[in-house]
Amino acid sequence: MFQQYFYIKALVALIVMTGWSAEYVVSQIPQPVFKLDDADNIPAQPLKESTFQAEIITDPSVGKCFYFNGSDQYLNLGSHNIGSGFTISLWFRSDDLLSHNATLIDIGGVYWIRTTTQREIQFTRPLRGDHNSEGQILTEDIWYQFTLVVDGSRALNYLNGQLIASYQIPGKLRNELVPIVLGKNSWREYYSGKMSNIFFWDIALKKNQVQGHYRRTRKQTPLHDNLITYLPLDNADHFGGYDGTPEFSAVSFLEDKHRGVVANFDSTGSYIDFGEIEIDNAITISAWIKPERSGRHALIGSGHVFAFRTNYDNRLLFTIPQVMDINSQERVIEPGKWQHVAVTYHEGKAVFFYHNGQLVSMAEVEEYQQGAKKMRIANNLWNDTYSGEMDDILIWNRILTPAEIRDVSRMSSASLQSILIETDHQIFEYAMTFAVFGLLGGWLVYTYKRKWSTSGEKIPGHKINDEFLQKAKETTIRNMSQSTFGVEGFAEAMGMSKTSLYSYLKSACGKSPKEFIREERLNKAADLILTTTRNISEITFSTGFESRAYFNKCFREKYGMTPTEFRQKNQ
């Protein structure tokens, strides 16, 4: 008995010590030679011969970052000695992976790190050989952390803290200063997208240090980032980047005691059809379902590309037509009960199943089909249907993390709507405050007019509104490049409360602060499209829109055509 007790204590001590030592090693990440963890951060040691030719913008995930336009922008980080090994780490978010190879890092012309048109990361020794990190398919408009570690004989590539490739390096590193350039190489292969959290060490970091650095610099992605569509299913409304009009066929809405208003499908022709949706190679689907019975149910299908459904034995089923059926390992579906289901599908890589926020199964896949995909809810290629209720369907053009899916599964409809859309409750609050502050506004206008009249100058009644709107426009234009600039920042910059701002804007121009900001951003974007040669992606981010899809949606609503069509028509 004593021996068992002793062994247990020894095991616990070993586990504690192992965890402590790992944490200690992580905490002992050496100081970098330089870091740019914020785009306007000045390194502790000046960068010799550095040249910054990239735009500074604000991203909702990482804050300030560098934006490269894909044609003539780069960062020259000066010259550094790489003879004893080195480590360089950065976060990147590409907005053009398909048109050409793009250079992330150029180490003195000795090593290049590029993204390829096959969506892979490539380690290149110019004129000596290319090495692709097979199996790691990148997705546009997704943040990744890449770390290159060279220890003298090997080059190690890490993506999001995980080792993805290791290459032997013949010969020795040059013990001399070499320039480090981000965003281009000598072959003029420019990068298009964002970069942030750039670190350089003149030593080779260990694996656990690389992973620790990844955890330290990782940022929380906003839930609306790369959101294709959100259907609360209180009615036929939808939100997100999808700019079409989904077709609701034989779908009714009813009151549920647990989830409020939900959609009901009767299995005899009930479905929601989105038509074609442009989706990159990564997708996450999340929904609350309450199937009436056991059996095969169609949840969400995408033509000949994939189908997400339930199987006859109450397992989750993901099908790639004529390629494979992937079942969840556990029988998780419970007929007659509300439950949250989710699937992430990274084409050419893997499928993950979630039930009530928990990962229940995964499988590797190799099939990859690029391009537009037809999307339909409650019906698929095999004419499977769905009988039961659904609520809060969300589709993203990115892979959500397990933590994000767990958080979504725990959110109520009201919580989701408060994050992703302006709810009726908020509008009601605005209406009430408008009534209250309307009285205050009237008193202020009266006082302001009296002040002018006593000075001897008579002014028309609309001059106050004109001056207020001019200040509002100037404030919005000054801050619109920051994608995080919203109602709260607008009110603060105007020197008034959010409710006062709402009431004044409604009185002056009939728009809410949110509508006013979006309108000014679109006006500025249209002006840039007509008066400059900047590409649409660059204009999108410079006017504060977080994604190209959402920008296209808003632009089409205002001008009746896409930004590209608008430029072509007005040339």
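**Strand pairing and a pocket in a predicted model**

His80 sits across from Val178 of strand S14. This pairing comes from a predicted model, and it is a handy way into the sheet around S14. His80 belongs to strand S5, which spans residues 74–81 and runs antiparallel to S14, residues 177–182, with five bridges joining the two. Further along this pair of strands, Leu75 has Leu182 of S14 as its bridge partner.

S14 also pairs with strand S7, residues 102–107; here the sense is again antiparallel, and three bridges make the link. Within that pairing, Ile107 is found opposite Ile180 of S14. As for side chains, those of a regular strand point alternately to one face of the sheet and the other.

Zooming out, S5, S14 and S7 turn out to be part of an open sheet with seven strands, laid out in the order S2-S5-S14-S7-S8-S9-S10 and paired antiparallel. The edges are taken by S2 (51–53) and S10 (129–132); each has a single partner strand, so one side of each goes without a neighbour in the sheet. Going from one strand to the next, the twist averages 20 degrees.

How does the rest of the chain look? In total, the secondary structure of the protein chain amounts to twelve helices and 30 strands. Of its 571 residues, 51% are buried, and the accessible surface adds up to about 26900 Å². Carbon and sulfur atoms account for 50% of that surface. Contacts reach well along the sequence, too: taking those between residues at least 6 apart, 64% join residues that are at least 24 apart.

Then there are the pockets. Empty space of this kind shows up when a probe the size of a water molecule is rolled over the atoms. The second largest pocket comes out at about 1000 Å³ in volume. Its lining is made up of 35 residues, and those closest to the pocket centre are Asn160, Tyr214, Ile399, Leu400 and Thr401. Several elements chip in with at least two lining residues each: strand S13 (162–168), strand S26 (339–346), strand S27 (350–355) and helix H3 (402–410). The lining of the second largest pocket thus draws on strands and on a helix.

Notes:
Residues are numbered from 1 along each chain as its sequence is written. This is a predicted model: local features need pLDDT of at least 70, side-chain atom pairs count only at pLDDT 80 or more; totals for chains, interfaces and linings use all residues. Side-chain values use heavy atoms; hydrogens and water are left out. Two strands pair if DSSP finds at least two bridges between them. Helices (H or I, at least four residues) and strands (E, at least two) are DSSP runs, numbered from the N terminus. Axes are lines fitted to C-alpha atoms, for helices over the stretch in contact, and angles run from 0 to 180 degrees between N-to-C directions. Buried means under 20% relative accessible area, exposed over 50%, partly exposed in between (1.4 Å probe, protein chains only). Contact means heavy atoms within 4.5 Å. Accessible areas come from the Shrake-Rupley method with a 1.4 Å probe; for residues, only the protein chains shown count as cover. On a 1 Å grid over the protein atoms alone, a cavity is a set of points where a 1.4 Å probe fits but cannot get out, and a pocket is an open set with protein on both sides within 12 Å along at least five of seven lines; lining residues have an atom within 4 Å of a point. Grid points are joined across faces, edges and corners, and a volume is the space filled by probe spheres set on the points.
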